[in-house]
Amino acid sequence: MSKKAKIIGVGMVKFMKPGKNEPYEIMASKAIRSAIQDAGIDYREIKQAFAGYVYGDSTCGQAALYKVGMTGIPVINVNNNCSSGSTALYLARQAVESGAIDCALAFGFEEMQPGALSEVWNDRTSPLKTFNDRLDELTNSNVPNGAIKFFGEAATAYIEKYGANPDIFAKVAVKTRNHAINNHYSIFDKPLTVEEVLNSQVICPPYLTRFMACPPSCGAAAAIVCTEEFAKKHGIKNAVEIVSQVLATDTEATYENVLNVVGAEMTQRAAKELYEKAGIGPEDVDVVELHDCFTPNEVITYEGLGLCGEGEAETFINNGDNTYGGKYVVNPSGGLMSKGHPLGATGLAQCTELVWQLRGQAEKRQVENARVALQHNLGLGGAVVVSMYKIN
């Protein structure tokens, strides 16, 4: 019989623009110490650790963890592109649920370079080659391969398919920035207008502008996962349960159209499985942290997660159902768009925000009476992790 997995401690550091950050091992060790302090346990009680990161050599996880202490436990390094942090959490949760151990640490970090995401290993086949080739077949874009092209073309495909007003991508950016104003962990904390977003530099014609893209950033976050018995033994009363979690990868359907190339079908499939496993549907969710590396991805993901029906995102946005006072509060942290997107840290930063929300510790960002939370973390190439949390 599987054990219930509980999150008893979370921590993160303020995300910073590249060049203003501390080294990755310092950021990560600070986030880990914060999570340990939050849990109120002894570091030596952690039996396994899972480290998520993308830009770094092997055993960076050990280098970071050793700054906290060297206890000889297994350390597993995880690279699943932008979903690396959530994948580390997925593995920690599995280890605890299986009964193999009673307490695990998941942490993620990234020390990034300025500018758009780029691949490091250009002397061998890119893991995104098939995706890039298929995108070229489906579009006539002259934009260089990369994340900007993927999500810029997805924006075009969405508008062409559903006839929505392209200003929805700007409205999402404005909403998210308004949320970030109340988050001191965020890089950006100044409000935006729809006009400012639409009039910023076009980075992938015709719709994607600079203010619809998340900034490169550096940071770290961590979470401690344990069994229900471990939490009770330590007298922890505010533990957050991981009700269900699904990690999905691509199928042949990925290559059918542009939206699927950027993860739409993969997200929808993972979300359906998540709700079935959890016995909780999207209608029961109070707060959501989803992967908004570009605002078109947030729009697509509303539908993939079932927050609204297919082609209904424009109405969903215009009705304010993605913010305070609507059906859901989506990305109360400010999301990747405002908080930043240090790849390996992102999934665990999302988790941290949702744990704070369910505990009632999110300060001015607090979603009233939040009891159920949903998380979505996407990595092209590909993997998506969706998670359902609740507090009793």
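A pocket is an open set of grid points with protein on both sides within 12 Å along at least five of seven lines. The legends below describe close-up views of a predicted model.

**Figure 1. The second largest pocket and its lining.** The second largest pocket holds about 300 Å³ of space. Its lining is made up of 19 residues, and those closest to the centre of the pocket are Tyr162, Ala264, Gln268, Glu303 and Glu310. Four elements each give two or more residues to this lining: helix H5 (147–162), helix H9 (258–261), helix H10 (264–278) and helix H11 (295–304). In chemical character, the lining residues divide into six nonpolar, nine polar and four charged.

**Figure 2. The packing of helix H6 against helix H11.** Helix H6 (residues 167–180) packs against H11 at an angle of about 95°, and the axes of these helices are 8 Å apart. Because angles of 65 to 115 degrees count as roughly perpendicular, H6 is described as roughly perpendicular to H11. On the H6 side, the contact is made by Ile168, Phe169, Val172, Ala173, Lys175 and Thr176. On the H11 side, Thr295, Pro296, Glu298, Val299 and Tyr302 take part. The residues of this contact comprise seven nonpolar, two polar and two charged.

**Figure 3. A salt bridge between strands E1 and E8.** The structure contains 18 salt bridges, and one of them joins Lys6 to Glu241. In this pair, the closest N and O atoms are 3.9 Å apart. Lys6 belongs to strand E1 (residues 5–12) and Glu241 to strand E8 (residues 240–248), so the salt bridge ties together parts that are 235 residues apart in sequence.

**Figure 4. The surroundings of Glu25 in helix H1.** Glu25 is located in helix H1 (residues 24–39). When its neighbours within four places in sequence are left aside, Glu25 is in contact with Ala63, Ala64 and Lys67. Of these contacts, the view includes Ala64, whose C-alpha lies 4.0 Å from the C-alpha of Glu25 in space, although the two residues are 39 residues apart in sequence.

**Figure 5. Two cis peptide bonds in loops.** The peptide bond from Pro205 to Pro206 is cis, with omega near 5°. Pro206 lies in the loop between strand E5 (202–204) and strand E6 (208–209). The peptide bond from Gly381 to Gly382 is also cis, and its omega is near 5°. Gly382 is placed in the loop between strand E11 (372–379) and strand E12 (383–390).

**Figure 6. The backbone at Thr59.** Thr59 is not a glycine, yet this residue has a positive phi of about 65°. Thr59 occurs in the loop that runs between strand E2 (48–52) and helix H2 (60–65).

Terms used: Residues numbered from 1 in each chain as written. Predicted model: local features only at pLDDT ≥ 70, side-chain atom pairs only at ≥ 80, totals over all residues. Heavy atoms only, no water. 1 Å grid on protein atoms, 1.4 Å probe; cavity = no way out; pocket = protein on both sides within 12 Å on 5 of 7 lines; lining within 4 Å. Points joined across faces, edges and corners; volume = space filled by probe spheres on them. Nonpolar A, V, L, I, M, F, W, Y, C, P; charged D, E, K, R; others polar. Axes fitted to C-alpha atoms, helices over the stretch in contact; angles between N-to-C directions. Parallel < 35°, antiparallel > 145°, perpendicular 65-115°, else oblique. Contact = heavy atoms within 4.5 Å. Salt bridge = Lys/Arg side-chain N within 4 Å of Asp/Glu carboxyl O.
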